[in-house]
Amino acid sequence: MTDNNEVLFVGIDLGTSRSAISASNGQRCAVDSYVGWPVDMVARKILRRSVLVGKEALDNRSMLDLRRPLERGLLKEGSERDADAVRQLLSHLLGLVGVGEEGRSGVKVRAVVGVPAEALRVSKQQLRNVMKGLVDGLLIVSEPFAVAYAVDALLHALIVDIGAGTTDLCVMNGRYPTEGDQRTLLNAGDWVDEQLSKLIQAHHAEATISPFMVREWKERAAFVGKAKGPVIVSAPVKGKPTQLDITEEMRTACEGLVPPLAETMIDLIAKVDPEYQEKVRNNVILAGGSTGIAGIDRALQEALKEIGGGRVQIVKDPVFVGSDGSLAIATDADDVDWEKLSG
Ligand SMILES: Nc1ncnc2c1ncn2[C@@H]1O[C@H](COP(=O)(O)OP(=O)(O)OP(=O)(O)O)[C@@H](O)[C@H]1O
Ligand SMILES: [Mg+2]
């Protein structure tokens, strides 16, 4: 029905803190998942735009009504702005690979969108509505499945995608994962940020800190286990920049991730056919930005000793692994697999 030459395939990883797109024309881009609208006439005059997306939105946040389209693994709904935020973000991503709302002229776009496993259950219809008019064909898959596809871990593997809003786990048994093969936990990067904030505030009550500062400190120095050195940061105390030692707070906040993740990993492995459990234990694949926490792979591997040991590895390209996987699914999908959104 369709001539492949006229079809552009895209894989999109729609994430809470960062989203990425990989296209069959070879282009790849990643953006911070933020959308912002100027708050008033002054902001509009300075920014000269009606809406900002990505890092630009984040950098100008004091002048914007800033939104994250996803929260805790779900597409936000409630206000028209929330719905528009998802649309703006997706449209921006498509624009970055040359098929934005203006630039499609005759090209058919087929998109595979990877979302947190929970969003696949709850927010699918909402996402479909948003994608109408932006693309011609659509497939929505879970993020960990897209990762499994990218690294060719479709059989006897456990994928653990530790993102911002959620950690998504998925056992691959050589077929499309069912709901029972997948789990979503809210213990992920945002949760670590919250814990870290609370701990710092408890120990350094006089310091003024913002969620953005805390996230930056975490991304610079996150670790579990043995510290490489002290984690010293600067925050204002009554307006005066002051050095704080947050080494212990950092360790405690990051280590809080390990027990819930390990417990869920063990739970999922225990449900695999007994003859394959060892293979799965030895093929645990970590993805997502929170794998930047130094030592997280070793800590999770250590936890597997309780069930006989295993092997935990981090993917090579955590930023694009999800969108590359979605693109690979897109190019492999048959005509019948696509949900047609127009024509
Ligand atoms: N070097 C680092 N050390 C620790 N955490 C990091 C580092 N770099 C990024 N992160 C964290 O990784 C998270 C973002 O990861 P990722 O881009 O995989 O999430 P996402 O896909 O947007 O979220 P989700 O999959 O939950 O929707 C954020 O919480 C961020 O602070
Ligand atoms: Mg993600």
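This passage describes the domain division, the central sheet, the helix that crosses the sheet and one exposed loop residue in a predicted model.

The chain is divided into domain 1, which comprises residues 4-147 together with 320-340, and domain 2, which comprises residues 189-255. The C-alpha centres of domain 1 and domain 2 are separated by 31 Å.

Six strands form an open sheet of mixed pairing, in which the order is β3-β2-β1-β9-β10-β18. The edges of this sheet are occupied by β3 (28-32) and β18 (339-340), each of which has a single partner strand, so one side of each is left without a neighbour in the sheet. Strands β1 (residues 7-13) and β2 (residues 18-23) run antiparallel and are joined by four bridges, with G11 having S22 in β2 as its bridge partner. Strand β1 is also joined to β9, in this case by seven bridges and in a parallel arrangement, and here the bridge partner of D13 is G114 in β9.

The pairing continues from β9 (108-115) to β10 (137-142), two strands that run parallel and are connected by six bridges. Within this pair, V113 stands opposite I140 in β10, while G114 stands opposite V141 in β10; G114 is thus named in two pairings, being the bridge partner of D13 and standing opposite V141. Strand β10 is joined in turn to β18 by two bridges, the two strands running antiparallel, and G137 stands opposite K340 in β18. Burial was assessed for both β9 and β10: seven of the eight residues of β9 are buried, so β9 is largely enclosed by the rest of the structure, and five of the six residues of β10 are buried, so β10 is likewise largely enclosed by the rest of the structure.

Helix α6 lies across β1, β9 and β10, and runs at about 95 degrees to β10. This helix is mostly covered, with eight of its eight residues buried, namely E143, P144, F145, A146, V147, A148, Y149 and A150. Just after α6, D152 takes a positive phi of about 55 degrees.

Helix α6 (residues 143-150) also packs against helix α13 (residues 321-332), the axes of the two helices lying 7 Å apart at an angle of about 75 degrees. Because angles of 65 to 115 degrees count as roughly perpendicular, α6 is described as roughly perpendicular to α13. On the α6 side the contact is made by E143, A146, V147, Y149 and A150, which meet V321, G322, D324, G325, S326, A328 and I329 in α13. By class, the residues of this contact between α6 and α13 are seven nonpolar, three polar and two charged. The α6 residues that meet α13, among them E143 and Y149, also belong to the buried residues of the helix.

A further position examined was S62, which is found in the loop between α2 (55-59) and β6 (64-67). With 8 C-beta neighbours inside 10 Å, S62 counts as exposed, since a residue is placed in that class if 12 or fewer other C-beta atoms lie within 10 Å of its own. The C-alpha atom of S62 is separated by 9.2 Å from that of P38, although the two residues are 24 residues apart along the chain.

Note on methods: Residues are numbered from 1 along each chain as its sequence is written. Chains are lettered from A and ligands numbered from 1 in the order in which they are written. This is a predicted model: local features need pLDDT of at least 70, side-chain atom pairs count only at pLDDT 80 or more; totals for chains, interfaces and linings use all residues. Axes are lines fitted to C-alpha atoms, for helices over the stretch in contact, and angles run from 0 to 180 degrees between N-to-C directions. Angles under 35 degrees count as roughly parallel, over 145 as roughly antiparallel, 65 to 115 as roughly perpendicular and the rest as oblique. Two residues are in contact if their C-beta atoms, placed from the backbone, lie within 7 Å. Ala, Val, Leu, Ile, Met, Phe, Trp, Tyr, Cys and Pro count as nonpolar, Asp, Glu, Lys and Arg as charged, and the others, Gly among them, as polar. Two strands pair if DSSP finds at least two bridges between them. Domain bounds come from an automatic or database domain assignment. A residue is buried if 20 or more other C-beta atoms lie within 10 Å of its own, exposed if 12 or fewer, and partly exposed in between; C-beta atoms are placed from the backbone.
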